[in-house]
Amino acid sequence: MSIYYRKYQNKNDKSAAYGKWYGRAVTMGKTVSLEDLAEHMAEHNSPYSEGVIKGVLTDMVNCIRELVLEGKAIKIPNLAIFSVGIKTSGAASAEDFSTTANVLSAYMKARSTGRFTREEVTKKATLRELPKYNGGLEAADNDGAGDEP
């Protein structure tokens, strides 16, 4: 298992880390769709067809979304616990806090669980540097989502 990364320089002149270089993980190739995942799973000596697997995964996604929006946490062993989080701004007092004025957004959280831990990924992964972006210019300040080498 390889984790690909590119180097980038902190260009924020207000940061204490200004000018320092860091590595950032890069996603390889296209994003794997639910259909691609079902096909991949079916090719792993599964007794189930790609269509059956896709149907089960589609139902799972819908149910996880529904349950998370009900405020529940959903644990998929050795992968992640899915739950919701909120980003808020501060209020001067508890009485002054309101959802309309202080809740900025809600988002999905996924925390690794079981054997799928930071330590496992660190131990099992091999890091490989990719070439710089834009014909030799330093890496862009993003997570590399959707980048192809």
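**Exercise 1. Work out how far the predicted model can be trusted: what is its mean pLDDT, and which residues stay under 50?**

Step 1. The mean pLDDT (the predictor's confidence in each residue, from 0 to 100) of the protein is 87, and 89% of its residues reach 70 or more.

Step 2. Now look at residues 135–149, where pLDDT stays under 50. The model still has 38 contacts (heavy atoms within 4.5 Å) beyond four places in sequence for this stretch. Where pLDDT is low, the predicted coordinates should not be read in detail.

Step 3. Keep the ground rules handy. Residues are numbered from 1 along each chain as its sequence is written, and side-chain values use heavy atoms, with hydrogens and water left out. As this is a predicted model, local features need pLDDT of at least 70 and side-chain atom pairs count only at pLDDT 80 or more, while totals for chains, interfaces and linings use all residues.

**Exercise 2. Lay out the open three-stranded sheet: what is its strand order, and which strands are at the edges?**

Step 1. The order is β2-β1-β6, with mixed pairing. Strands here are DSSP runs (E, at least two residues; helices are H or I, at least four), numbered from the N terminus. Two strands pair if DSSP finds at least two bridges between them.

Step 2. β2 (21–26) and β6 (126–129) are the edge strands, each pairing on one side only. From one strand to the next, the twist averages 40 degrees (between N-to-C directions of lines fitted to C-alpha atoms, on a scale from 0 to 180 degrees).

Step 3. Zoom in on β1 (residues 2–9), which runs antiparallel to β2 over six bridges. R6 has R24 of β2 as its bridge partner.

Step 4. Stay with R24: its C-alpha is 5.2 Å from that of Y5, though the two are 19 residues apart in sequence. The side chains of R24 and Y8 share a polar contact of 3.1 Å (N or O atoms within 3.5 Å, one able to donate a hydrogen and the other to accept it).

**Exercise 3. Find the largest nonpolar core: which residues form it?**

Step 1. Settle the term: a nonpolar core joins buried Ala, Val, Leu, Ile, Met, Phe, Trp, Tyr and Cys residues through side-chain atoms within 4.5 Å. Buried means under 20% relative accessible area, exposed over 50%, partly exposed in between (1.4 Å probe, protein chains only).

Step 2. The five residues are I64, V68, I74, A80 and F82. α2 (50–69) and β4 (80–88) are the elements that give two or more residues to this core.

Step 3. Follow A80 outward: leaving aside residues up to four places away in sequence, A80 touches I74, K75, A110, R111, S112 and T113.
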